[in-house]
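Opening the notebook on this one. I want to go through helix packing, the sheet, the cores and a few odd alanines.

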Amino acid sequence: MNADWLEKLSQRAKRGRLREAGAARAPRVGVVTDSAAALPENWAASASVTELVRVVSMPVMIGDQIYGEGTDRMIGALALALAQGSDVRTSRPSPGQFEAAYAELAAAGCSSVVSLHLSGELSGTVDAARLAARSASIPVTVIDTATVAMGVGFAVAAAAETARDGGSAESVAEAARVAAASASILFYVPSLEQLRRGGRISAAAGWFGTLFAVKPILVVRGGKIVPLERVRSAPRALLRLTELVQQDIAARSGRVRVAVHHFGNEGEAERLAGTITDASPDIELTICSLPAVLAAHAGLGVLAVAVAGETAAPPHTPGLAHTPGSPPAPGERPDAGPSSGPESGSRAG
């Protein structure tokens, strides 16, 4: 009887080894994104998710110096340059950087890649990824998420979790598209000057805001940055931003995730996050610095809030479900979208 038990144990162990070997051979899908996705350090619940993701850094040029994303030296230099009004520019990553990321995932055993990037209306990054995908050794699906910051980050998380669970390239890409489509991005900037300089809003909108000292609330809509509402003071703008975020959260059902971004004003971000969670204690909320490549255009003191859920914000939520071609929101100028121009102007990189 003992021999039978040992034989059964041996067979069970053999089946386990075969399952592990099969899992190791099973096709895996890798995920690539850019540093504008704003992924915080604790964005993933486990290493099995993060090991499938590669983040390509977007360069920031301060004067004649080029910095990579995420270094303390660069953050300090950027904050000083923004405070002094010095020349700050951004650029898209090179196709070679994406080729290297795709090759690294292929070497790690991935059979395909889903590559997710910030809006093509704001940056040429997605174009660089498409160029690199043509020469990749494995199939690469490139997706323009039409959003920024954790709007992209939430899509990356959804894609990586689906990939970890053994999803196909098609299901990973679909998870990313659904998450990106559900995301809304609202933000407040003390001044429109940096956005005007970089061409992310029209010159007319920038001039209007500067002349009348307007504190705008902006929204990412159709992949572009457009003014949603204009408020006459900073306290009122922050109050209105909070109200709009709370309306967005209340209009959703199921799992709701929120990210509060900041640059140079972490205390304000913490207070904003506290107000949001007090009103909606069941949400999943994280606070993280805005990536340098986005802060370079938004400027010091920016507060941005990304909200994502199982479904998109309903049409009645003010400004968040607006589609291209529909009437502008109350107080919005129809010509307030970003102007077109060279890479260093209308698009970030």
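Before looking at any helix pair, I fix my terms: angles under 35 degrees count as roughly parallel, over 145 as roughly antiparallel, 65 to 115 as roughly perpendicular, and the rest as oblique. Also noted: this is a predicted model.

**Entry 1: a helix pair**

I looked up how helix α10 (residues 234-250) sits against helix α11 (residues 266-279). The two pack at an angle of about 40 degrees, and their axes are 10 Å apart. That angle falls in none of the named ranges, so α10 and α11 are oblique to each other. I then checked the hand of the α10/α11 crossing, and it is right-handed. Who makes the contact? From α10 I list L238, L241, T242, V245, Q246 and I249. From α11 I list E268, L272, T275, I276 and A279.

**Entry 2: the sheet**

Next I traced the strands. Four of them form an open sheet, ordered β2-β1-β6-β7, with parallel pairing. Why do β2 (53-56) and β7 (140-144) each have one side left without a neighbour in the sheet? Both stand at the edges with a single partner strand each, so nothing in the sheet flanks the other side. On average, neighbouring strands here are turned by 20 degrees against each other, direction ignored.

I zoomed in on one pair: β6 (residues 110-117) runs parallel to β7, and the two are joined over five bridges. For S115, I find V142 in β7 as the bridge partner. I also see helix α6 (residues 150-164) packed on the sheet, where it touches β1 (28-34), β2 and β6. The direction of α6 makes about 170 degrees with that of β1, which I log as roughly antiparallel because the value is over 145.

**Entry 3: the cores**

I turned to the nonpolar interior. The largest core has 79 residues, and the members touching the most others are L78, Y102, L116 and F187. Which element gives the most to this core? It is α6, with ten residues. I followed up L78: leaving out residues up to four places away in sequence, it touches I62, V88, F263, A292, A295 and A296. There is also a second, separate core of 23 residues, and I note Y188, V226, V231 and L272 among them. L272 I had already met on the α11 side of the helix contact.

**Entry 4: three alanines**

I went looking for positive phi outside glycine. A146 has phi near 60 degrees, and A149 has about 50 degrees. I place A146 in the loop between β7 and α6, and A149 is in the loop between β7 and α6 as well. Buried or partly exposed? A146 is partly exposed, with a relative accessible area of 35%. A149 is buried, at 3%, since the cut-off for buried is under 20%.

Last stop was A176, in helix α7 (residues 169-182). A176 has 0% relative accessibility and therefore counts as buried. What does A176 touch, beyond its neighbours within four places in sequence? I find L116, I143, A155 and A159. One of these, L116, is also on my list of members with the most contacts in the largest core. I also took one distance: A176 and G153 are 23 residues apart in sequence, and 9.6 Å apart in space from C-alpha to C-alpha.

Definitions and conventions
Residues numbered from 1 in each chain as written. Predicted model: local features only at pLDDT ≥ 70, side-chain atom pairs only at ≥ 80, totals over all residues. Heavy atoms only, no water. Pairing = 2+ DSSP bridges. Helix = DSSP H or I, 4+ residues; strand = E, 2+ residues; numbered from the N terminus. Axes fitted to C-alpha atoms, helices over the stretch in contact; angles between N-to-C directions. Contact = heavy atoms within 4.5 Å. Core = buried A, V, L, I, M, F, W, Y, C linked by side-chain atoms within 4.5 Å. Buried < 20%, exposed > 50% of the residue type's maximum accessible area, 1.4 Å probe, protein only. Left-handed = near helix turned anticlockwise from the far one by under 90°.
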